[in-house]
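The exercises below ask you to work from a set of coordinates to a description of how the chain is arranged. Please attempt each task before reading its solution.

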Amino acid sequence: MIVIPTYQIGFIHIPKTGGTSITAFLKKTFPESYMAHGYHSCLNQAVLRGYSFFSSVRDPLARAQSYYRWFNLSAKEDSSTYPHKFLATQYDFPEWIEEWFLPFCPSQESYVLVEGEIPPNLKVIRFSHLI
């Protein structure tokens, strides 16, 4: 999560939804911004302080395809560190969805839940609208 304390805004990065580009833009535009690690605890605290948040989401199938391509491209580099990347090289896409993505990949919603609910001060941007 990127926090911009001056404006009491936070960006919640959901993997494979354009978040790396948004994070880079925010860090460049707002030098006072910082990365908050352990974002669930940070998110809980920030919600209580009245911060506003935004996040981007992506069509679930397009997100899964992006993961699969990325895992295949990077599997040779670090498959010993991330064995799930190796799996992408062993399965075709439908098998990989069944064997890894559906059972193990967190849903987009799970990244923004606070005490099991989506906070009312969260705005969501669709990835397809960023392009």
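**Exercise 1. Identify the residue that stands opposite Val57, and then establish how the two strands concerned are paired.**

Solution. Keep in mind throughout that the model is a predicted one. Start from Val57, which stands opposite Arg126 in E5. Next, turn to the strands themselves: E4 and E5 pair in the parallel sense, and five bridges join them.

**Exercise 2. Trace the pairing from E1 through E2 to E4, and state in which sense each pair runs.**

Solution. Begin with E1 and E2, whose pairing is antiparallel and extends over three bridges. Within this pair, Val3 has Gly10 as its bridge partner in E2, while Ile2 stands opposite Phe11. The hairpin formed by E1 and E2 has four residues between the strands, and Gln8 takes a positive phi near 50° there.

Then move on to E2 and E4, which pair in the parallel sense over four bridges. Here Gly10 appears again, this time with Phe53 of E4 as its bridge partner, and Ile9 is bridged to Ser52 in E4.

**Exercise 3. Give the strand order of the open sheet, and explain why one side of E3 and of E5 is left without a neighbour in the sheet.**

Solution. The five strands of the open sheet follow the order E3-E1-E2-E4-E5, and their pairing is mixed. In that order E3 and E5 (122-126) stand at the edges, where each has a single partner strand, so one side of each is left without a neighbour in the sheet.

**Exercise 4. Determine which residues of helix H1 are buried, where they lie around the axis, and what they pack against.**

Solution. First, select the residues of H1 (19-29) with under 20% relative accessible area; the buried ones are Gly19, Ile22, Thr23 and Leu26. Second, consider their directions: they cover an arc of only 100° around the axis, which puts them on the same side of H1. Third, look at the face turned away from that buried side, which carries the exposed residues Thr20, Ser21, Phe25 and Lys28. Finally, follow the packing of the buried residues, which is against E1 (2-4), E2 (9-12), E3 (34-35) and E4 (52-57).

**Exercise 5. Which residues form the largest nonpolar core, and which residues are among those of another core?**

Solution. The largest nonpolar core has twelve residues, including Met1, Val3, Ile12, Phe53 and Leu122; the others are Ile14, Ala36, Leu43, Tyr51, Tyr111, Val112 and Val114. Apart from this core lies another, of eleven residues, with Tyr67, Tyr68, Trp96 and Cys105 among them.

Terms used: Residues are numbered from 1 along each chain as its sequence is written. This is a predicted model: local features need pLDDT of at least 70, side-chain atom pairs count only at pLDDT 80 or more; totals for chains, interfaces and linings use all residues. Side-chain values use heavy atoms; hydrogens and water are left out. Buried means under 20% relative accessible area, exposed over 50%, partly exposed in between (1.4 Å probe, protein chains only). The arc is that of the directions from the helix axis to the C-beta atoms. Contact means heavy atoms within 4.5 Å. Two strands pair if DSSP finds at least two bridges between them. A nonpolar core is a set of buried Ala, Val, Leu, Ile, Met, Phe, Trp, Tyr and Cys residues joined through side-chain atoms within 4.5 Å.
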